[in-house]
Amino acid sequence: MSNSTDPSPSVSRQDLDYWLERQTEYQRTLNVIESRGENSESVWKLRGKLEAVGETIAYLQRKLNKV
């Protein structure tokens, strides 16, 4: 099932920059919470968000490198 056109939307550097900013923001927040010695539901949620953002960034980088 090969398709000659890529159905995914185009990706811009601004998209990648947005997600890199979110990653930095989430990591800073996580560092602050963890520095307080907290291991709460918020920590687990932030770790999940960081993982998802990391996957999004990797996808966007692959798409940008194809161009």
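**Two helices and what sits between them**

Helix 1 runs to 23 residues and reaches 33 Å from its first C-alpha to its last, close to the 33 Å expected at 1.5 Å a residue. Everything here comes from a predicted model. Helix 2 behaves much like that too: with 26 residues, its end-to-end C-alpha reach is 38 Å, close to the 38 Å expected at 1.5 Å a residue. Those are the helices on offer, since the protein has 2 helices and 0 strands. Helix 1 covers 13-35 and helix 2 covers 41-66. After helix 1 comes Gly37, with a positive phi near 80 degrees.

As for overall numbers, the protein has 67 residues, and 19% of them count as buried. Its accessible surface comes to about 5300 Å², with 50% of that belonging to carbon and sulfur atoms. Looking at contacts with a separation of 6 or more, 62% are between residues 24 or more positions apart.

Now to the inside. In soluble globular proteins, nonpolar side chains tend to be buried together. Here the largest nonpolar core holds 11 residues: Val11, Leu16, Tyr26, Leu30, Ile33, Val43, Leu46, Leu50, Val53, Ile57 and Leu60. Two or more core residues come from each of helix 1 and helix 2, and helix 2 gives the most, with 6 residues. Leu50 is a handy member of the core to look at in the viewer. Leaving aside residues up to four places away in sequence, Leu50 touches Gln23, Tyr26, Gln27 and Leu30.

The buried residues can also be read helix by helix. In helix 1 they are Leu16, Arg22, Tyr26, Leu30 and Ile33, and they pack against helix 2. In helix 2 the buried set is Val43, Leu46, Leu50, Val53, Ile57, Leu60 and Lys63, and helix 1 is included in what covers them. Charged names turn up in both lists, with Arg22 in the helix 1 set and Lys63 in the helix 2 set.

A couple of alanines help to show how the helices are placed. Ala52 belongs to helix 2 and is partly exposed, because its relative accessibility is 40%. From Ala52 to Gln23 the C-alpha to C-alpha distance is 9.5 Å, although the two are 29 residues apart in sequence. Further along helix 2 there is Ala58, which counts as partly exposed at 28% relative accessibility. Ala58 and Leu16 are 42 residues apart in sequence, yet their C-alpha atoms are 9.2 Å apart in space.

That leaves the charged pairs. Side chains of opposite charge can pair when their charged atoms come close. The count for this model is 4 salt bridges, and three of them can be walked through here. One joins the side chains of Asp17 and Arg13, at 3.1 Å from N to O. Both partners lie in helix 1, 4 residues apart, which is about one turn of the helix. Asp17 has a relative accessible area of 30%, so it is partly exposed, and Arg13 is partly exposed as well, at 48%.

Another salt bridge links Glu25 with Arg22, whose closest N and O atoms are 3.1 Å apart. These two also share helix 1, at 3 residues apart, again about one turn of the helix. The environments of the partners fall into separate classes: Glu25 is partly exposed, with a relative accessible area of 38%, while Arg22 counts as buried because its relative accessibility is 16%, under the 20% cut-off.

The remaining pair to describe is a salt bridge between the side chains of Arg47 and Glu34, at 2.3 Å from N to O. Arg47 lies in helix 2 and Glu34 in helix 1, so this pair ties together parts that are 13 residues apart in sequence. Arg47 is partly exposed, with a relative accessible area of 33%, and Glu34 counts as partly exposed at 32% relative accessibility.

Put together, the picture is one of two helices in which the buried residues of helix 1 pack against helix 2, with a core fed by both helices and an Arg47–Glu34 salt bridge.

Note on methods: Residues numbered from 1 in each chain as written. Predicted model: local features only at pLDDT ≥ 70, side-chain atom pairs only at ≥ 80, totals over all residues. Heavy atoms only, no water. Core = buried A, V, L, I, M, F, W, Y, C linked by side-chain atoms within 4.5 Å. Buried < 20%, exposed > 50% of the residue type's maximum accessible area, 1.4 Å probe, protein only. Contact = heavy atoms within 4.5 Å. Expected span 1.5 Å × (residues − 1). Areas by Shrake-Rupley, 256 points an atom, 1.4 Å probe, with all protein chains shown as cover.
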